[in-house]
Number of protein chains: 2
Amino acid sequence: MCFQDYFPVWDKLNPHQQNRILENLTFRRVEKGTILHNGSMDCTGLLLVKSGQLRTYILSDEGREITLYRLFDRDMCLFSASCMMRSIQFEVTIEAEKPSELWIIPTETYQSMMAESAPVANYTNELMASRFSEVMWLMEQIMWKSLDKRVASFLLEESSIEGTRQLNITHETIANHLGSHREVITRMLRYFQSEGMVKLSRGMVTILNEAKLEELRD
Amino acid sequence: MCFQDYFPVWDKLNPHQQNRILENLTFRRVEKGTILHNGSMDCTGLLLVKSGQLRTYILSDEGREITLYRLFDRDMCLFSASCMMRSIQFEVTIEAEKPSELWIIPTETYQSMMAESAPVANYTNELMASRFSEVMWLMEQIMWKSLDKRVASFLLEESSIEGTRQLNITHETIANHLGSHREVITRMLRYFQSEGMVKLSRGMVTILNEAKLEELRD
C-alpha cells in the first residue's frame, strides 16, 4: 500500500500534479508522544496518516488541554498546514498518541494544487467540514452535558478505540482530554467506582459495567 | 449596489456561471426576529447579506441557546446550505437580529459552481475557515474564561456593534447568547452594577465604566 492508495483524490489529479506531489512528499515514522505541530512551529505541511493515532488539542495559557479530535489511518490533518488559509485564526497542537507512520505534503505543494484543482479544493472543504462537525459536537458536549456524562462518554470511546475494557490511563490524562482538573476527575471516577461502573487501580481504569456507563452517557 | 458588487468571486466566474447564478437568485427583505434557517428546515440556500444583521446559534434539547457568530453586510452564510456538504454534521439556527436584506443562492446552483470552479471552492474554504475560527474562539472563551469575563466581553461587543453605551437588552437575552441562565446573568450584572461598571434599568443595561469592563475582560 503506497501513498496513491491513501490519498483520496489521487485519481482526480493530472499526471503533472501527481508527479509534483510525489516529488515533494516525505515519509516519517514517529514515536508515541512526538509533537508533530504546534502554534509556535512554522507551517508543518499536511499530514496523511498511514498508521497510528494522532491527537489534536488546544492549550490554555495555564497549560490546560482539551482534545478536539483524533486522527486514525487514512485521515488527513489540515491544521498542521493552517498557514495555507489566512482565515484559519486559531492554533492547535498535534501529537502522536501512538507510534505512527505518516506522509507530509508540503504546504506550498498542496496549496498550489488546491488553487488550480476544484476536486482538491472541494476535498479540502469536506475535510474542514468534518473537523468543524467534530468541534461542534464537542462544544455541545461542553455546553449542555454535565461532566459525569462527558467522563462516561470518554471512557466508552477510549475502550472502543483500544478494543479493551482495561484502560491504561491516568486521571491527569483524562482531565487533559476533557479540559478539566485531575482532582475533579478523580472525584468523578471514585463515584463511578462506588456505583460499580469502573474499578480503579494504579494508572488504570477498568470498565466493569458498560451498559450503566452507556445509560449515563445518553 | 447590486449582487455583482457583493459576491466576492464574481469576477472569477465565466459568463455562463454568472448567468446561471443571476437566473436562480432571489432577494428577500425580512423583519427582525425572522428565523431564516433551522435544523428542521430543508436546505435554505446560501445567504448573502446586503444589509442588516443575522445571528447564528445552536440550541440544546432544553431550549438553551448559545450564539456562535453574527453576520453583517457582505457576509455570506454557508450553514443555511449545510446539505451542500455531507461532512457538515451539525445544525444551527439563523435569525435576523435586525431588519435585513439578503440574497438567497439556491444550494444546487452554488454546489454546481463549486464543483467546477476552483476559485469558488477555495472561497468557500476560506468562508468555512473563518466561521471555524470564530467557533474556536468561542470554545476557548467557554473553556478557559470565567463567566464574568464573558459577560464583560459580550457587553463591550454589543456596545461596539450598536454604537451606543445604552443597550436595549434583557438578562434573558444575554443568557441566551452565552448559553447561561437568566438568574446567573442577573446576579453577575448586579455585581457589575455594585462595582460601578454598569447601571441596570428595565430592559436596559448602560455601560458606565468601559475601561473597567475592558480590564475585567482581558
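Through which surface do the copies meet, judging by the interface residues of chain A and chain B? Keep that in mind as you click along; remember too that this is a predicted model.

**Stop 1: both chains together**

Colour chain A and chain B separately and superpose one on the other. Chain A can be laid on chain B with an RMSD of 0.0 Å, using a turn of 180° and a shift of 0.0 Å along the axis. The two copies are thus related as by a two-fold rotation axis. To find where chain A approaches that axis, select Ala118(A): among the residues of chain A, its C-alpha comes closest to the rotation axis, at 2.0 Å.

**Stop 2: the interface**

Now select the residues in contact between the chains. You should pick up 33 residues from chain A and 33 residues from chain B. On the chain A side, the elements giving two or more residues are helix H3 (107–116) and helix H4 (118–144). Highlight H4(A), which gives the most to this side, with 19 residues. Then colour the chain A side by residue class: it divides into 19 nonpolar, ten polar and four charged residues.

Here is the reply to the opening question: 100% of the interface residues of chain A are also interface residues in chain B, so the copies meet through the same surface.

**Stop 3: the sheet of chain A**

Hide chain B for a moment and show chain A as a cartoon. Look for an open sheet of four strands, in the order S2-S7-S4-S5, with antiparallel pairing. At its edges are strand S2 (35–37) and strand S5 (65–71) of chain A, each of which pairs on one side only. From one strand to the next, the twist averages 35°.

Zoom in on S4 (residues 54–59) of chain A. Six bridges join this strand to S5(A), and the two run antiparallel. For one position to label, choose Ile58(A), which stands opposite Ile66(A) in S5(A).

If you switch on hydrogen bonds, bear in mind that strands of a sheet pair through backbone hydrogen bonds, either parallel or antiparallel.

**Stop 4: strand S7 in chain B**

Bring chain B back and select S7 (residues 93–96) of chain B. Strand S2 (residues 35–37) of chain B pairs with S7(B) in the antiparallel sense over two bridges. Label His37(B) here, and you will see Ile94(B) of S7(B) standing opposite.

Next, add S4 (residues 54–59) of chain B. Four bridges join S4(B) to S7(B), and these strands run antiparallel. To finish, select Arg55(B): its bridge partner in S7(B) is Glu95(B).

Notes. Residues numbered from 1 in each chain as written. Chains lettered and ligands numbered in written order. Predicted model: local features only at pLDDT ≥ 70, side-chain atom pairs only at ≥ 80, totals over all residues. Contact = placed C-beta atoms within 7 Å. Nonpolar A, V, L, I, M, F, W, Y, C, P; charged D, E, K, R; others polar. Pairing = 2+ DSSP bridges. Axes fitted to C-alpha atoms, helices over the stretch in contact; angles between N-to-C directions. Least-squares fit on C-alpha atoms with pLDDT ≥ 70 in both.
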